[in-house]
Amino acid sequence: MRLESRCGFSGAYAFATAVLISLVIPENYYATPFSILQGVVSILSLYWGITILRRGFTPAGLYLVAWSFFIVGAAIGAMVFRNQLPFNSFTEHALLISTVIELLCFSFSLTQRAQHLETEKNQQLMTNPDSGLPNRNYFLNHLHHQKALSDRSVHLVLIQLSGITELSEAVGPGSAVKATAILAKRVNQALESEPCVIRHHLPNLSQARLIDMDQGILIFLCHQTTSPQEVIEHLEPVLHRTIHLEQIEFQQLFSIGVASGSLNDLDMTTLYQHAQLAARANWRSNHLWNQYQQDLQLHQHKQLMLVAEMSKAISNGTTLAINISARDLLQQNFASGLIELCREYGISPRSLVLEITETAVISDRDLAVDNASLLRSAGFSLSIDDFGAGYSSMQNINRLAPEEIKIDRQFVSDLTSNETHQTLCRSLIHLSRDLHTHATAEGIETQEQLDLLKSWGCHSGQGYYLYRPMPPDEYLSLLVASTDEDNYT
């Protein structure tokens, strides 16, 4: 129960008890104790009222006025009773008048209390509890009511923070949220000096320039009459400032995207979506911020379709080949990390082929052999890329025991005119067959080369004669149309 309710009820109970006592005890017996009780309750009520008012509960002001009038009226009545004041028309009605005023003030106080609680509730719904800034709910449901958006052409600037998961793992989720809130407050404070940034008015009459969307996303709006460049440059040192948290110095990584447009043509959520795409592109950029371009959305659609088709292909049993460097095999936890990633995302290692490049750097390193063994035991297929091009290729077959070898293009490019290369390719294909290893020829550029390789029993091939590099949408069509029987791509 709230403090203001407790103090009101305490006073009411005390005086109700005194009234009941007055009905059974003669007046001269209870007059003095009643005055003492009145004084004690009055002092406590005033103390509680002042305490509540200092906490920001504005209805307590009327509560204090109500008690003050009642105390004055009661004091006048007590002094008349003791013949300390003359009995006249004013003193006769002083208690009654003060009681009426008290009741009016209490009524107004209750109304104001209801309004205060409603404002407090709306404030909690519209603000982030950690940063105190407008939140996602405010952005989605209340921003369009702001009078500041009368200028319908705006820049929406989105700041995407990174490293929050790692920080949460290091210091706990509560501290990670606190770190983000610290940064959000710094950015909001820095924006106060930027007149082009739109202010947001909250139910409790406070104002802010930054919206904290949670999940490491901060946004603000600028009038489109000016460029966001200067504002973003002003924020750069603020975003780079170190955050000190539980004996850890933490610097937040960030990416910035900007979407611009007229709210007569686009809604706010569309601008937000465009700014997200620009921020995603900014991670791969050397620039401080990226402006949204329409091709970003087209690229995103193609990427999603490509991922969906690849996932479908994997679930149907056709495999996905991924190039890895032999240097990756020289990392201590490479194999275990890759296995954990597959487990985390629900991908079967048996659907992945790891094509190992730069095998000449492996030498006799035991660590590479151990990683390869661990990957094979987990279900990954290993392929040696550019087989035959390096002096150590035969050693790599012995050490890595791959499921596939890829015959280097230098042996295939002049296959029809170079008898030595014909002999080498034919021998490598037969060798792979004897070792129960899949053979793939690289760099096929003519029908004659393709016919020779097929006649020698080469399992699959790739090259410009078959397909050239293509955009994602054409690759998707090819992926859908491909069959298990056609291994030459």
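Two strands count as paired if DSSP finds at least two bridges between them. With that in mind, open the structure, which is a predicted model, and start at the sheet.

**Stop 1: the sheet**

Select S4 and S5: these strands run antiparallel and are joined by 2 bridges. Within this pair, Ile211 stands opposite Ile219 of S5. Now extend the selection to the whole open sheet, whose 5 strands follow the order S4-S5-S1-S8-S9 with mixed pairing. S4 and S9 (290-291) are the edge strands, each pairing on one side only.

Add H8 next. This helix packs on the sheet and touches S1, S5 and S8, and its direction makes about 155° with that of S8. Then show H9, residues 268-282, which lies across S1, S5, S8 and S9 and runs at about 140° to S8.

**Stop 2: the nonpolar cores**

Select Ile159, Val187 and Phe220. In the largest nonpolar core, which has 32 residues, these three touch the most other members. At least two residues of this core come from each of S1 (153-162), H6 (164-171), H7 (173-191), S5 (217-223), H8 (229-240), S6 (243-245) and S8 (253-262). H7 supplies the largest share, with 7 residues.

Centre the view on Phe220 and display its surroundings. Leaving aside neighbours within four places in sequence, its contacts include His155, Leu156, Val157 and Ile159, as well as Leu191 and Val197. Arg209, Leu210, Val231 and Leu235 are also in contact with Phe220.

For the second core, separate from the one above, select Ile211, Ile217, Ala275 and Ala279, which are among its 25 residues.

**Stop 3: salt bridges**

Side chains of opposite charge can pair when their charged atoms come close. The model contains 5 salt bridges.

Which residue forms a salt bridge with Arg199? Select Glu192: its salt bridge with Arg199 has its closest N and O atoms 3.4 Å apart. Glu192 is partly exposed at 32% relative accessibility, and Arg199 is partly exposed as well, at 31%.

Keep Glu192 on screen and add Arg209. These two form a salt bridge with closest N and O atoms 3.9 Å apart. Arg209 sits in the loop between S3 (207-208) and S4 (211-212), and Glu192 in the loop between H7 and S2 (200-201), so this pair ties together parts 17 residues apart in sequence. Is Arg209 buried or exposed? Its relative accessible area is 5%, so Arg209 counts as buried, the cut-off being under 20%.

Move on to Glu355 and Lys406, a salt bridge whose closest N and O atoms are 3.1 Å apart. Glu355 belongs to S11 (residues 352-357) and Lys406 to S13 (residues 404-407), so distant parts of the chain, 51 residues apart, are linked. Both Glu355 and Lys406 are buried. Returning to the earlier selection, Glu192, Arg199 and Arg209 are joined into one network by salt bridges that share partners.

**Stop 4: the aromatic pair**

How many aromatic pairs are there? The count is 1. Select Phe139 and Tyr272 to see this pair, which is tilted, with 5.5 Å centre to centre and 50° between the planes. Phe139 is in H5 (residues 136-141) and Tyr272 in H9, so the pair links parts of the chain 133 residues apart. Phe139 is buried at 3% relative accessible area, and Tyr272 is buried at 10%.

Terms used
Residues numbered from 1 in each chain as written. Predicted model: local features only at pLDDT ≥ 70, side-chain atom pairs only at ≥ 80, totals over all residues. Heavy atoms only, no water. Core = buried A, V, L, I, M, F, W, Y, C linked by side-chain atoms within 4.5 Å. Buried < 20%, exposed > 50% of the residue type's maximum accessible area, 1.4 Å probe, protein only. Helix = DSSP H or I, 4+ residues; strand = E, 2+ residues; numbered from the N terminus. Contact = heavy atoms within 4.5 Å. Salt bridge = Lys/Arg side-chain N within 4 Å of Asp/Glu carboxyl O. Axes fitted to C-alpha atoms, helices over the stretch in contact; angles between N-to-C directions. Phe/Tyr/Trp six-rings, centres within 6.5 Å; stacked < 30°, edge-to-face > 60°.
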